[in-house]
Amino acid sequence: MSGFKNFIMRGNLVQLAVAVVIGAQFSGLVKQFVSSFIDPLLALAGGTPNFAALSFKVHKATFTYGAFLTDVLSFLIAALVVYFVLVVPVTRLIAFMERNKAATEKDCPVCTMSIPINAQRCPECTSMLVEDSSQSQPARQSGGVLAPPS
């Protein structure tokens with residue numbers, strides 16, 4: 001039973017459950033927004049988009065493609081509303097807020113890997129990025145004897 005408890009309490013599963021519940025609520029919110037505000041605007045412009053009466057028959061089978069067209073049109077309208085009402089403003093807000101952040105990373109000039117701004121050596125290619133004068137330079141070898149740096 002403890003294995004099941006560990007499975008249920010895993011962070012990923014809980015996050016997924018929360019995402020599904022929030023997604024379902026958000027879907028209802030978008031659907032209601034479209035039916036309350038966007039559909040009446042469309043009705044003013046040219047009538048309510050309802051193609052449910054469109055169908056065709058092949059022998060005894062009836063294909064109601066009009067209902068599918070209505071759902072496709074509703075989906076496209078809802079997607080446009082979500083994009084222009086939520087995605088565009090939030091993207092602009094995030095870009096505006098990140099514009100004022102100080103840079104915390106830079107690109108390595110050798111391998112172009114993103115590294116911390118204060119890094120002295122690239123963790124990817126191990127190239128030296130900043131020459132530090134406080135580090136002692138290695139002694140040169142002269143005739144098998146270490147000579148002091150000049």
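1. A good place to start is the nonpolar patch: β1 (56–58) and α3 each supply at least two of its residues. Please keep in mind that this is a predicted model. The patch covers about 1,000 Å² of surface and is made by Phe51, Leu54, Phe56, Val58, Phe63, Tyr65, Phe68, Leu69, Val72, Phe75 and Leu76. Its largest share, six residues, comes from α3.

2. Now to that helix. Helix α3 takes in residues 65–99, which is 35 residues, and at 1.5 Å a residue it should span 51 Å. The C-alpha atoms at its ends are 48 Å apart, which agrees with that expectation. Do look for the kink, though: α3 bends by about 35°, centred on Tyr83.

3. Which residues of α3 are buried? They are Gly66, Thr70, Ile77, Ala78, Val81 and Val88. When you look at the spacing, a general point may help: an α-helix has 3.6 residues a turn, so residues three or four places apart point the same way.

4. Tyr65 is worth a closer look. This residue is found in helix α3 and is also a member of the nonpolar patch. Is Tyr65 buried or exposed? With a relative accessible area of 36%, Tyr65 falls between the 20% and 50% cut-offs, so it counts as partly exposed.

5. On to the aromatic side chains: the structure holds four aromatic pairs. In one of them, the ring centres of Phe56 and Tyr65 are 5.8 Å apart and the planes meet at 40°, so this pair is tilted. Phe56 is partly exposed, with a relative accessible area of 41%. Phe56 and Tyr65 also join Phe63 in one aromatic cluster, and these three residues are listed in the nonpolar patch as well.

6. Another pair sits at the kink residue. The rings of Tyr83 and Phe84 have centres 5.0 Å apart and planes at 80°, so they are edge-to-face. Tyr83, on which the kink in α3 is centred, is partly exposed at 41% relative accessible area, while Phe84 is exposed at 54%.

7. Finally, two backbone angles to check by eye. Most residues other than glycine have a negative phi. Thr112, however, has a positive phi of about 60°; it lies in the loop between β3 (105–107) and β4 (114–116) and is exposed, with a relative accessible area of 58%. Thr126 also has a positive phi, near 60°. Thr126 lies in the loop between β4 and β5 (140–142) and is partly exposed, with a relative accessible area of 45%.

Key
Residues numbered from 1 in each chain as written. Predicted model: local features only at pLDDT ≥ 70, side-chain atom pairs only at ≥ 80, totals over all residues. Heavy atoms only, no water. Helix = DSSP H or I, 4+ residues; strand = E, 2+ residues; numbered from the N terminus. Expected span 1.5 Å × (residues − 1). Bend = angle between axes of the 7 residues up to and from the residue. Buried < 20%, exposed > 50% of the residue type's maximum accessible area, 1.4 Å probe, protein only. Patch = residues over 30% accessible without salt bridge, like charges linked within 9 Å, V, L, I, M, F, W, Y side chains within 5 Å. Areas by Shrake-Rupley, 256 points an atom, 1.4 Å probe, with all protein chains shown as cover. Salt bridge = Lys/Arg side-chain N within 4 Å of Asp/Glu carboxyl O. Phe/Tyr/Trp six-rings, centres within 6.5 Å; stacked < 30°, edge-to-face > 60°.
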